[in-house]
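Q: I should like to learn how to read a structural model feature by feature. May we work through one together?

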Amino acid sequence: MLYPTLNETAVYNRVTDRFLGINKNVITSDGEFSFTENVTMDSYPALSSRERRGMVTELNSPSGLAMKDSLVYADGADLYYNGERVEGIVLSTLSANCPKKFVSMGAYLCIFPDNLYLNTADMTDFGSMEMSWEIPAGQSVVYTLCKGDGTDYDTPTVSDDEPESPENGDLWIDTSGDVHVLKQYSKSMSMWTEMATTYVKIEAPGIGQNVLKGDGVRLAGCAYTGSDEALSEQIDSLNGTVIVRERGDNYIVITGIIDSVYTQNAESDGEVSVNRKVPKMDFVTECQNRLWGCYYGIEDGRTVNEIFCCKLGDFKNWEAYQGISTDSYRASCGSDGAWTGAVTYLGYPLFFKENYVHKVYVSSSGAHQIAVSAIDGVQKGSDRSFAIVNDYLLYKSPTGINIFDGTQAASVSDKLGGDMYYNAAGGALGGKYYVSMENSDGEWNLFVYDLKKGLWVCEDSSHIMHFAGNGGELYYIDEDSNRLITVRGSEGEQEEDFCWTVESGNIGYEYAEKKYLSRFKLRMSIGEEGYAEVWIQYDSNGIWEKRGVIKGRGLNRTFTLPVIPRRCDHLKIRLTGKGEFKLCSFSSVLERGSDI
C-alpha cells in the first residue's frame with residue numbers, strides 16, 4: 001500500500017545576544033530597536049535600565065548653567081555658586097538678556113550678555129566689565145600738556161620760529177607745520193630734538209576712578225569753543241578710542257598734544273564722557289587667556305561680520321590697541337550668513353556658521369590668523385549642542401549630529417532616522433554624548449550616543465537647554481519642571497523606580513522567503529519589586545496585545561519567558577516594565593510557510 005508523504009517543516013533557530021540600541025529607520029537589524037525609553041547600553045552587549053537620576057533642587061526661573069570648580073547657575077536675578085547665592089550680583093531678567101552664557105577665564109567667571117564678572121577665588125571681587133563716566137554737573141575739564149607719568153611740563157614756548165638763546169631742557173612747540181611738534185633743546189648737541197610721544201592730562205572729578213593704566217576707552221565730548229583753530233583741532237582729536245597711559249582718581253593721561261592749557265566748561269561747551277565697552281557678541285569662548293567673540297549685524301550704523309578678542313589676560317578691554325602682542329584684536333570675515341556657535345577645541349577658537357567653520361590660529365606675537373573651511377556647520381539655535389567626547393567635538397548640524405576632529409565633520413546620527421530636529425543642547429559624560437532636541441512636531445527627546453560603541457538610545461522626553469559636567473557627573477536643568485538634576489544621581493535625592501520601554505522593529509521584513517515567528521523566548525533579570533510585560537502588534541494594525549507578565553526576583557537571577565505569537569506576515573514586540581532590569585538574550589524559532 002502507498003501512503004501520503006508529509007515533508008517536515010523547515011525550522012530555523014536564531015539567538016540575539018548583542019543589542020545595538022535604537023534605529024528609527026524603516027528597516028532595523030537584528031538586535032536593534034525602533035523605540036527605547038529609560039534604557040542604556042552601559043551593560044553592552046546586554047540592554048539594561050539607565051542609572052537613577054538625582055534631583056538637586058527646584059529653581060524658579062533658571063537661565064544658565066556652567067561648571068567651574070563648583071556648579072554655577074542663574075535663577076531669575078540671582079547667581080548661585082557652589083549652591084550659595086552670590087551677594088551683590090543682580091542679573092537681568094529681560095528676555096533679550098536670557099539665557100545666560102557663562103565663560104570661565106582663570107579664577108574669573110564672565111557672565112554674558114550682562115557683561116558682569118565674578119572672581120570665584122575672592123567673592124568680594126565682582127562687578128561690570130564695562131565702565132561709564134560723565135562729568136558731574138557744574139564741573140569743568142582741564143587739558144594740560146604733560147609727561148607720560150602725568151607730571152606737568154614747564155610752560156613751553158609756542159611759535160613758528162625756534163626760541164633764541166635756549167637753555168638745556170627748554171621746550172618749544174613748533175607750530176610752523178600743519179601738525180604741531182613738541183621739541184626739547186639739547187645743549188650738548190646744540191639742537192632742538194623732537195619728542196617722539198607727547199601726552200595730554202585730562203583732569204575732572206572722578207574721571208579716573210574706574211579705569212586702569214593700559215585700558216582702552218572711548219573719549220567723547222572734548223570740545224573747544226574759542227577762536228584758535230589749531231587748539232580746536234587738537235582738542236577735537238582727543239575724541240575716539242584712546243589708551244590710558246597713566247591715571248589718578250581725578251585725571252587720566254592719553255597720547256596727544258595741545259598748544260596751551262585749556263579749561264572746558266561742561267554746561268556751555270558740552271559734556272565729556274569716558275566709556276569702556278564690551279562689544280556686542282553673538283557667541284563668546286575663552287582660549288589662551290583671552291575671550292574671543294563674534295558678531296553679525298549692525299553696530300554703530302555699520303554692517304559687522306567680525307571675530308574679535310579682548311586684551312591678553314584682560315576681559316574688560318576689547319579696544320586696547322598699542323601695536324604690541326597683548327593688544328585686543330578684530331578682523332572682518334567674508335563668509336556669508338549669521339554666526340551660529342563658538343567653542344574652543346584643541347587649543348583653537350572655532351566660530352561656526354551653518355555652512356562654515358572659522359578656525360583662529362592664535363599667535364603669541366598678536367599676528368592671529370583665521371582659516372575658513374566649508375563644512376556642515378552648526379544649526380541655528382543649536383549653539384548649546386557642543387560637547388567634547390573622547391577628544392572629539394560633537395554638535396548639532398542642520399542635517400544631524402556631527403563629529404568633528406578639527407578638520408573634517410561627519411554625521412553619526414543615521415540611526416535616528418529621517419526626522420528633523422532643532423534647538424539642540426548637549427553634554428558629555430563617561431564617553432557618551434547627551435543631546436536634547438525638539439522634532440518638527442514640537443516634541444522633545446533626550447538621546448544618548450555612546451561614542452566607543454557607536455550606539456544610540458533614547459532615554460526620555462526631557463526638554464533640556466542647559467548641561468554642565470565635571471567629568472564624573474553631568475548636571476542639567478529640566479525646562480518643564482525647572483529642576484536641577486544629576487544624570488548619575490551622585491548628588492540630590494534619587495528618583496524612585498521608573499518605567500521603561502523597548503520596542504523592536506518590524507520582524508518579518510528581513511526574510512526573503514515566507515518565514516514566520518512561531519515562538520520566542522526572552523532571557524532577562526528584573527530587580528525586586530519590578531516587573532516586565534510583553535506586548536505584540538501584528539501586521540502593523542496599531543493594536544498591542546499583552547502576552548505575558550513577569551515579576552522581578554532580583555538582578556542576580558535570570559529567567560526565561562516563552563511566548564507563542566499567532567501566524568502573521570510581520571509583527572513588532574514591545575517590552576514595558578518598571579524597576580531595574582537587564583535583557584540578556586532574545587531567542588526565536590522561525591518556520592517556513594507557503595508563498596501564498
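Q: How is the accessibility of a side chain in a salt bridge to be read, and what is the relative accessible area of E545?
A: The model is a predicted one, and accessibility is read by class: under 20% is buried, over 50% is exposed, and partly exposed lies in between. E545 has a relative accessible area of 27%, so it counts as partly exposed. R566, at 43% relative accessibility, counts as partly exposed as well.

Q: With which residue does E545 form a salt bridge, and at what distance?
A: Side chains of opposite charge can pair when their charged atoms come close. Here the side chain of E545 meets that of R566 in a salt bridge, at 3.3 Å from N to O. E545 belongs to strand β50 (residues 545–551), while R566 sits in the loop between β51 (554–563) and β52, so the pair ties together parts that are 21 residues apart in sequence.

Q: Which residues are joined into one network by salt bridges that share partners?
A: R53, E459 and D460 form one such network. Across the whole structure, the search finds 25 salt bridges.

Q: Where do the partners K213 and E246 lie in the chain?
A: Their side chains form a salt bridge with an N to O distance of 3.7 Å. The pair links distant parts of the chain: K213 is in the loop between β20 (199–203) and β21 (216–220), and E246 is in strand β23 (residues 246–248), 33 residues apart. K213 counts as exposed, because its relative accessibility is 56%.

Q: Are E503 and K572 buried or exposed?
A: Both E503 and K572 are buried. They form a salt bridge in which the closest N and O atoms are 2.9 Å apart. E503 lies in strand β47 (residues 499–504) and K572 in strand β52 (residues 571–578), so this salt bridge ties together parts that are 69 residues apart in sequence.

Q: How are the charges of the protein as a whole to be read, and how many are positive and negative?
A: One may compare the mean positions of the two kinds of charge. The protein has 54 positive and 85 negative charges, and their mean positions are 14 Å apart.

Q: How many helices and strands does the protein have?
A: Its secondary structure comes to 2 helices and 53 strands. The radius of gyration is 35 Å, well over the 25 Å that the globule rule gives for 596 residues, so the protein is more spread out than a compact globule. The C-alpha trace spans about 150 × 45 × 40 Å along its principal axes.

Q: What share of the residues is buried, and what does the surface consist of?
A: Of the 596 residues, 52% count as buried. The accessible surface comes to about 28100 Å², and carbon and sulfur atoms account for 45% of that area.

Q: What share of the contacts joins residues at least 24 apart?
A: Taking contacts between residues at least 6 apart in sequence, 59% join residues at least 24 apart. For a single residue, consider R85 in strand β9 (residues 84–85). Leaving aside its neighbours within four places in sequence, R85 is in contact with D78, L79 and Y80. R85 is partly exposed, with a relative accessible area of 36%.

Q: How is separation in space to be set beside separation along the chain, and how many residues apart are R85 and A204?
A: R85 and A204 are 119 residues apart along the chain, and their C-alpha atoms are separated by 38 Å. G106 and Q234 are 128 residues apart along the chain, with 41 Å between their C-alpha atoms. G106 itself is in the loop between β10 (101–105) and β11 (108–112).

Q: Which residues are joined by cis peptide bonds?
A: For this feature one reads omega. Y44 and P45 are joined by a cis peptide bond with omega of about 10°, and P45 is placed in the loop between β3 (39–40) and β4 (47–49). F112 and P113 are likewise joined by a cis peptide bond, with omega of about 0°, and P113 is in the loop between β11 and β12 (116–119).

Q: What is phi of S165, and what is phi of D300?
A: S165, a residue other than glycine, has a positive phi near 50°. S165 is in the loop between β16 (157–159) and β17 (171–174), and at 68% relative accessibility S165 counts as exposed. D300 is not a glycine, yet its phi is positive, at about 55°. D300 lies in the loop between β28 (290–299) and β29 (302–309), and D300 counts as exposed because its relative accessibility is 62%.

Key. Residues are numbered from 1 along each chain as its sequence is written. This is a predicted model: local features need pLDDT of at least 70, side-chain atom pairs count only at pLDDT 80 or more; totals for chains, interfaces and linings use all residues. Side-chain values use heavy atoms; hydrogens and water are left out. Helices (H or I, at least four residues) and strands (E, at least two) are DSSP runs, numbered from the N terminus. The radius of gyration is taken over C-alpha atoms; the globule rule is 2.2 Å times the number of residues to the power 0.38. Buried means under 20% relative accessible area, exposed over 50%, partly exposed in between (1.4 Å probe, protein chains only). Contact means heavy atoms within 4.5 Å. Accessible areas come from the Shrake-Rupley method with a 1.4 Å probe; for residues, only the protein chains shown count as cover. Lys and Arg count as positive and Asp and Glu as negative; His and the chain ends are not counted. The place of a charge is taken as NZ of Lys, CZ of Arg, CG of Asp or CD of Glu. A salt bridge is a side-chain nitrogen of Lys or Arg within 4 Å of a carboxyl oxygen of Asp or Glu.
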